[in-house]
Every structure is written in structure tokens, then in C-alpha cells.
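Work through the exercises below with the sequence and the 3D view at hand. Each task is followed by a solution in steps.

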Amino acid sequence: MKRLKINYLLIGLITVLLAMALWPTIPWRGGEQDKIAQIKSRGVLRISTINSPLTYYTINNAPAGMDYELAKRFADYLGVELQVNVRQSLNDLFDDLDDGKADLLAAGLIYNSERLTRFRTGPSYYSVSQQLVYRIGTPRPRNLGNLKGRLTVASGSAYMSTLRNIKENQYPELDWAISTDQGPKALLEAVADGELDYTVGDSVTIGLMQRIHPQLAVAFDITDEEPVTWYTQREDDDSLNAAMLDFFSQMEEEGAMARLEEKYLGHVGAFDYVDARTFLRAIDDTLPDIRPLFERYATKIDWRLLAAISYQESHWNPQATSPTGVRGLMMLTRNTADSLRVADRLDPEQSIRGGSEYLLRMMEKVPSSVPEDERIWFALAAYNMGYAHMLDARRLTEKQGANPDSWADVKLRLPMLSQRRYYSQTTYGYARGHEAYNYVENIRKYQLSLVGYLQEQERKLAQRKALEATLGEGYPAVAPEIAMN
């Protein structure tokens, strides 16, 4: 009996020792779980972000944005759902981390060493420079010591530490106001509307905003390019950061990151103020009459993209005619029009219907190996220079060791089709590939402007209605109009 008790004692002791050894790996430890185990146990990855033309926005009642797509893919990688919390200010974002309401911040935030005392950063996924902006028509400052008005920056932004450093080391008289109720995007809009003199923004967001607010001008760069990164809580637990590193590495290896960068950043190039202003005026003056036709015949693409294609083709002039004989809103050739049963190329409805059908034909011919959301760009290149030449560009891309299914890779080869050393290697020879390149890039810029501008109009209309409701029906609606202009 005594021997049996000793055996039970040994067994119990061994059980306790094994439990102590295995305890850290048990996934149901409640509050002692590592971060990734908590997220998987919860079944939800919680991110906080801000509304901007790059990070997060909605279109056709569906979420979009580079940070949103990255976060959605990260949630899929973890095997959980994504929960998005949209905040109004940068301080609100970091409060979410402090309060445990977010697992990470995915909001296009610049790497900032001052934040590292409380937070950690993930991998960089693109880079930006900090720029001073002002409104066109006012004097352009040459440096931060030459400001003739008030500089305002968002509370909690990386711009504040940059300005403090510049004040300490270069311009001791430099001063600025801090906005606690407006984020960087709202401050950029305020400068564009003439409500503020200056603010600081990042180069990518500014480039996107100029498509909607062309009066927004860059005075100069304040910094060199800096990485943009996600932020997480500063903890001893490395599981979330390790998972992010593996996820971003996988995205790079698969080429998915390059595709995402091309989708959201590939068309942020040189800005043409006159062209942007002309296009926005056409949205106000010309588009309303023909918008119903784009909405009716854009069956498999967004109607705003079809409208952008038409603007690139004809500037929405139904009588447009080129020296080569293409005509109408969609600039159809006679042969193409005949194949599409378009009797009158100058008739807006026939032209838009025909152009939409022809574009769908091109999209259906694009090889199935091309990702769904990139097929349109290959189709547009074919629409512009011919399907056979688009295939030549794909073959040339493959010959050079790049990915023929990636628009980011293929578009770089389009201009080569007009250079003898390259088109001599192709099946169908010379093509005006540089024109096709510019054609697609311009359409993407017009689409960006159109989507953003219409959303801005809807936002202002909602603000006006809300203010009118607050004031009451007996008050005139003049004040809201003044406040918005």
C-alpha cells in the first residue's frame, strides 16, 4: 500500500512538471495567450484606420484602399475575419492601441522614432516624403523661414516631430498651430479651399488629393523619403510582428505586393493643373447629360471607368473626329462600329454602347492567367493599340524575365514596342506603345479624379442637408454654401 502511494506521488509530480512545461503552448490560457493566439481565438483581426484616398474608402458601398486590402489579406492569412474601425484623428488611432481596441493601425502612417517608446512598427510597404502645401494663386514660400501665413498640422502626426527638429536646428522662429479636430486629409482640403494658409502632408496623399483639388500646390519637400508602416502595441510578445514579417515576405515573393502598389500607387505621377481643372469643369458642365448612358451600358466595369475612357478618347465631345477617321464619344473606327452594329458613330448612345461592348470583347480575350482586377488594363492597352500588339508586349515581358500577367511589369514594356531593337523581336512589329502606356495611365487618373470628385460632392451635399435640418426649414440655406466654398 505504501509503495502504491509513492507511485501515485511520482505520477502526480511528473504530471505537474509536464503541465508546467507545456503550459506556454496551450492555446486556451485566456489572458496569457500570445497576440496571434488571441486574434485566432477571437476570430477577428481588429484594425483602426482613417478615411483617405489611399488607406480606406468606400465605392459602390464596398470598402477599398491599399491599407484595407493589405489588412484583409493579412486577416485571410491568419484565417480570421477583418474588423475595420474608422477614426477621425491620428490621436484616436493611437488611443485605440493604448486601450486595446485595435490589434494594429493600418492608416498610411509614416515611421516616426518618437512613437517607438510606446508602439512598434511593422514592415515598410511604400515610402513618402513630407511636403509643405499651399493654395495656387497665393505666394509660394521658398523655405520654412519664408512663410507668410499660418502653418497648421494635425495633432499626433509625424509632421510635428519633423517641425520641432527643424525649429531646433534651422529656423528658431518657426511656429505652427496644432489641429486637434481635423486630420491631415481635412487640413489639405482646408488649404485647397483657402481656409488655411499652409499644412504638411505626405507626397502620395497630396498627389492623389490634387486630382480632386487641383488648387492644392506643393511648395517644397521637407524631408527625404521615409517608410510608411503599420503600428502595433509595444509588448514583449513578438508573435504579431513575426506574423506580419512572414506575411509581407510572402506578399513580396508572390508578386502580390507589386500588384497592390501598381493598383494604388502606379498612376500617381506628374500632375497637370490645367488638365485636372479642365476635367473637373467637364464633370460639372458636360457629364450630367451623358452620365445615364455610362450607367446604363457599363455592365461589367464601373460606370465611372467607362466615363473616364470616353473622356480620354473624346473629352466627352460627341462630334469628335480624329485625322485617322475615328469618331464619336468612344472614337470608334468605321470597321469596329460596323462589327458592333453602330449605325451612327456621332450618336452618344450608340457610341457608348458600342465602345462598352468592344471593351468587353477585349477583356474576354485577355488570357485567363491575368488577375481579375488587372484584366481591364490589358484590355485598354489592346483597345488602344490592338490586341496583337498587347500580346507582343506580354511576350517581350516574359523574354526579359518579368511576369507577363502583371500589369506593373507589362506596362513598362509598352514603350519598347516603338523601339526597333525591341519590336524586331516581336511577332507583329512596330506599335505606338508609348501612346498606349499614356492612354491607360491617363484613364486611371481620370477615374481617380471622377470617383473622388463625385464623393466630395456627395459629402458636401450631405453636410448641407444636415446643416439645413439643424437650422430648421425656416432658415435660408445660404450659410452652408458659404461655409463650403
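The model used in these exercises is predicted.

**Exercise 1. The residue marked as active site**

Task: Find which residue UniProt lists for "active site", place it in the secondary structure, and decide whether it is buried or exposed.

Solution.
- Step 1. The unreviewed UniProt entry lists Glu313 under "active site".
- Step 2. Helix α12 spans residues 303-314, and Glu313 lies in this helix.
- Step 3. The relative accessibility of Glu313 is 19%. Buried means under 20%, so Glu313 counts as buried.
- Step 4. Leaving out residues up to four places away in sequence, Glu313 touches Leu329, Met330, Met331, Tyr383 and Tyr439.

**Exercise 2. A nonpolar surface patch**

Task: Which residues make the nonpolar surface patch of about 250 Å², and where is Ile136 placed?

Solution.
- Step 1. The patch is made by Ile136, Tyr273 and Val274.
- Step 2. Ile136 sits in the loop that runs between β7 (130-135) and β8 (152-154).
- Step 3. Ile136 has a relative accessibility of 34%. Partly exposed covers the range between under 20% and over 50%, so Ile136 counts as partly exposed.

**Exercise 3. An annotated span and two domains**

Task: Describe the span that UniProt annotates as a domain, then the division of the protein chain into domain 1 and domain 2.

Solution.
- Step 1. In the unreviewed UniProt entry, the annotation "domain: Solute-binding protein family 3/N-terminal" covers residues 44-268.
- Step 2. This span, residues 44-268, is 34% helix and 30% strand, and its end C-alpha atoms lie 33 Å apart.
- Step 3. The domain assignment divides the protein chain into domain 1 (124-227) and domain 2 (273-442).
- Step 4. Taken over C-alpha atoms, the centres of domain 1 and domain 2 are separated by 37 Å.
- Step 5. Across the two domains, 5 residues of domain 1 are in contact with 4 residues of domain 2.

**Exercise 4. The whole chain**

Task: How many helices and strands does the protein chain have, and what share of its residues is buried?

Solution.
- Step 1. The protein chain has 20 helices and 12 strands.
- Step 2. Of its 485 residues, 51% are buried.
- Step 3. The protein chain exposes about 23,900 Å², of which carbon and sulfur atoms supply 50%.
- Step 4. Among contacts with a separation of 6 or more, 68% are between residues 24 or more positions apart.
- Step 5. Along the principal axes, the C-alpha atoms fill a box of roughly 105 × 60 × 55 Å.

Technical notes: Residues numbered from 1 in each chain as written. Predicted model: local features only at pLDDT ≥ 70, side-chain atom pairs only at ≥ 80, totals over all residues. Heavy atoms only, no water. UniProt positions renumbered as here; feature names shortened; annotations may be inferred. Helix = DSSP H or I, 4+ residues; strand = E, 2+ residues; numbered from the N terminus. Buried < 20%, exposed > 50% of the residue type's maximum accessible area, 1.4 Å probe, protein only. Contact = heavy atoms within 4.5 Å. Patch = residues over 30% accessible without salt bridge, like charges linked within 9 Å, V, L, I, M, F, W, Y side chains within 5 Å. Areas by Shrake-Rupley, 256 points an atom, 1.4 Å probe, with all protein chains shown as cover. Salt bridge = Lys/Arg side-chain N within 4 Å of Asp/Glu carboxyl O. Domains from an automatic or database assignment.
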